[in-house]
Amino acid sequence: MKSKTPPEKKSLKKSASPIKKSKPAQKEKVPSADSNARKEIKNLKATLHTNEEKFQAILNNIEDGYYESDLAGSITFFNDSLCRIAGRNKKEIMGLNYRQYVSEKTAKEMHAIYHKVYTTGRGIKRFVHELYTKKGDLKFVETSITLRKDRKGSKIGFQGIVRDITDRKAAEEALEKREERYRTVLEDIDDEYFELDLAGNFVFVNDSLVHYLGYPKANLIGMNYQKCCDKESGHKMNDCFKEVYQTGTPFKNVEVSLIAKDGSIRYTETSGALMRNGDGKPIGFSIVSRDVTERKKEEERYRILMENIEEGYFELDLKGKVTFVNDAHCQKLGYTREEAIGMSFRRYTNESMTAKARQIYANIYKTGQPARYEIEYIKKNGDKHYCEVSASVINDARGNPIGFRGISLDISGRKQMEADLREREEKYKTILDSIDNGYYEVDLAGNLTFFNDSMCRIWGYPKEELMGMNNRQYADEENARKLYETFNQVYRTEIPTKAFDWQVRRKDGNIVFIEASVALRKDSAGNKIGFMGIVRDITERKHAEDELRQNQYFLIKSQEVAQIGSYKVDSRTGRWISSRVLDNILGIDENYQKTPQGWFNLIHPDERQDIKRFLYETIKIHRKRLFDTSLRIVRQNDGQERWVQAKGELTYDQDGNAITMIGTIQDITDRKQMEDEILESERKYRSIVENAQEGIFQASPDTQKISMNNAFAAMLGYDSPQDVYGDITELAKQVAADPDEFLKVRDILRRDGSIKSYETQLHRKDKSLIWVSMSITAVKDNKGGVVYHGIVEDITPKKKLEQERQASLQSLRKSLGATIKAMSATVEARDPYTAGHQRRVSDLARSIATEMKMSRDQIDCIRLAGIIHDLGKISVPSEILTKPTRLSNLEFELIRTHSEAGYSILKDIEFPWPIARIVLEHHERIDGSGYPNKLKADELLLESKIIAIADVVEAISSNRPYRPAVGIQAALEEIEKNKGILYDSVAAEACIRLFREKHYKMPD
């Protein structure tokens, strides 16, 4: 509909109307002056009409409103767009004064602007004000106002362009609210946050920085940050700002020192980024700093520790030059610290060791992983010195490698021991050929492949007959089975078996009793090729043991009625009382002075210091309530030295002071002698075990008797196994971190006979905890009793690494979850009609994955991908996203780009899952009909197929700008109809089950 022609335009038409022709007096060939004038007027009218139509077409087709008003502000001419913007029809707008559709305040402002335009003649651009539609709805518009004049130059009114900015205004207000919320967060965080302009002056500081530096906030604003820095830190920050300004790349974790108002020095770790205005122009820097003063103190303590440890400590730059070394390392090299600093490590290694070290450090630099290696140093005086070095990379604050650090442990003594061991091995080989015990080697089938002469003597066969003979040929069925089980166990566990008893049928038919050891044999490549061991003829010992077993019966009976003495000590006075049985054990009577000195007089002189230390550590240091230890005493009536087992329980008052000690003492002299005999008997076979790198032990079921190698003792923090035996009397109470768990392991051994790779914690001598992996087997000894054989491996470093990895992963997951939720909120803020769509798709996709019994990691991936699968819609104009009618082909194609847009945003983010790829593929279909890449089933991730189904179900069942919700049943019918065609069958069936069988409902 065309608008009415303004009065001035009507007058123009009227004035330009054609003049009536008068009849000419006579015909003339040359046109008259009047005729020419009429033609010119006619041409002018045609041109004016054409221009008016063109002008009218332009005004009616632009989106912005156009208006003309008289000097009083009443509208005299306008286009169709002004009707749409004002919410009124043409009749209502014509003659409408601006005071009728704005507030009183705005009317005053507009009056002032009209007056200014009238008096100055200069137009006003982009005047923003509100207007009210006929229905009373509030809109925001942006108006330009210019002066209108007639042909004579007289001022006749105003004209201008009106643009509807209601949506933009709402978006700006939302942005301001978000900025205010973010600003509040920055005010409340514990870290120091501040903003600088390009000159380095504070323009914003949070409360944490105010408290940190001690200045009032008003004093900090406008202050240059250089006033809070020392000279070195100021230069460092200037360099960072310069690099950020030039490259746009943020800096992270730069360590600087700040000077507080009171003059104190505070160390911080600072990260910063460039700030830009809306036009992308740099306007300053945003900085987050974290107080690391305590860490610097900790580093200084660490440096002092490095200076004073007994192990050598050194640091190298990337060229291999020494930058720091402690006194212990200097002593190993024979150089002073001044001589060592700046020296290349090549100076104190030979050519081959230099090449080895260079390769090791190159690998550390490349992988970032620590390494341990052995190296031979050449001291200043030319002597050779062996060390074991643990080396790792040193990174600067930005994570860039700047050198290496290492700890060197003197192993010259160990090297000498290894040389001695090789010498002993050669000696033992010679002995092997001459010993009375038999030595054998068999293949995996049990056929003899090597043996010494003693084997022939014990078996009663000549060498040529015994060679290649199988164990089934000289053992009955029961012993053959026992041999097979033993060899099979050694084969599976690779744990040698010692003191294994069985019977051999000699060539002459006689039966001999054999005690044998079995160990696995491997070739140079580590392949299992057979077994080897030592055999001993114990026939005579067996007969003697039978006789001894009869005698032991009477001993056992007598032990059943054995008495145990008891005592009670007042810990504050040291006075003690004892039972009559204990008096008999100690050799004292009722007249004996039961004082602290009287007690220590009973202890053997060689034991007194150890017992004092034991009691001091038990009572004063560790506050133990229970203790159990063995010690030697000297009986007072006959001077005999006896071994006793002392057990006790301590009570403490509320201040932690010991009150009483109650316990028992039993004479264990006979048991100690028996243990010594057992240890003496086993000592001959320990050389291999003692030198093993793994911890090895042998224990009785009640753990009262235990033997171990040096490696296990070292794990427990002792210098030797003997130190362990003297300090530990009850393994469950003194070593196991959890005594109940120790009993659980013992129950498993009693039930199953073995336990493999069992992980638990043990107490070291210093009461620190270590993680170990234990493999234990219950083996019968030659008396028919059960003995536990075990191998222990220290896995503390591995456990620590696992814990750190889990903590890092958990932190990463939380950070990723927060980031993804923020991304999702960004999309929903632009598309309010589908608010909650991504969240509902995420919940349904997660439920489908759970129904399909996918892994926890896959479910987390699907849940997070669902939350941001429509992230790419931030690149689509909001007018299209919220359009209430069907989209045009061009608009639909624009929306289809959101998958690729989302992928472009996410592809460079290092998620632990293929989030970006899932976002790219969530509109693909398994028959290749989807977009953007028309991928088919085998080319798509299963996670993408699940998100696609959840997306379709949610879209159909929810409202959209251009249609109401169709409903969940229609959505399920679509999935069921096209499963295996458009959608993955397994995922589709899981989705249908959720709704129809398990009554799943979409979240609100």
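The following exercises, with worked solutions, concern a predicted model.

**Exercise 1.** Determine whether the length of helix H5 (residues 104–120) agrees or disagrees with the value expected at 1.5 Å a residue.

*Solution.*
Step 1. Helix H5 contains 17 residues, so the expected span is 24 Å.
Step 2. The C-alpha atoms at the two ends of H5 lie 24 Å apart, which agrees with that expectation.

**Exercise 2.** Establish which residues of H5 are buried and which residues on the other side are exposed.

*Solution.*
Step 1. A residue is buried if its relative accessible area is under 20%, and exposed if the value is over 50%.
Step 2. In H5, the buried residues are Thr 106, Ala 107, Met 110, Ile 113, Tyr 114 and Val 117.
Step 3. Viewed down the axis of H5, the buried residues fall within an arc of 125°, and therefore they line one face of the helix.
Step 4. On the other side of H5, Glu 104, Lys 105 and Lys 108 are exposed.
Step 5. The cover over the buried residues of H5 includes strands S1 (65–70), S3 (124–132), S4 (138–149) and S5 (155–164).

**Exercise 3.** Describe the second largest cavity: state its volume, its lining residues and the character of that lining.

*Solution.*
Step 1. The second largest cavity holds about 180 Å³ of space.
Step 2. Its lining consists of 15 residues, and those nearest its centre are Ile 75, Leu 82, Tyr 101, Leu 131 and Val 162.
Step 3. Helix H3 (80–86), H5, S3 and S4 each contribute at least two residues to this lining.
Step 4. By character, the lining residues of the second largest cavity comprise 12 nonpolar, two polar and one charged.

Terms used: Residues numbered from 1 in each chain as written. Predicted model: local features only at pLDDT ≥ 70, side-chain atom pairs only at ≥ 80, totals over all residues. Heavy atoms only, no water. Helix = DSSP H or I, 4+ residues; strand = E, 2+ residues; numbered from the N terminus. Expected span 1.5 Å × (residues − 1). Buried < 20%, exposed > 50% of the residue type's maximum accessible area, 1.4 Å probe, protein only. Arc of directions from axis to C-beta. Contact = heavy atoms within 4.5 Å. 1 Å grid on protein atoms, 1.4 Å probe; cavity = no way out; pocket = protein on both sides within 12 Å on 5 of 7 lines; lining within 4 Å. Points joined across faces, edges and corners; volume = space filled by probe spheres on them. Nonpolar A, V, L, I, M, F, W, Y, C, P; charged D, E, K, R; others polar.
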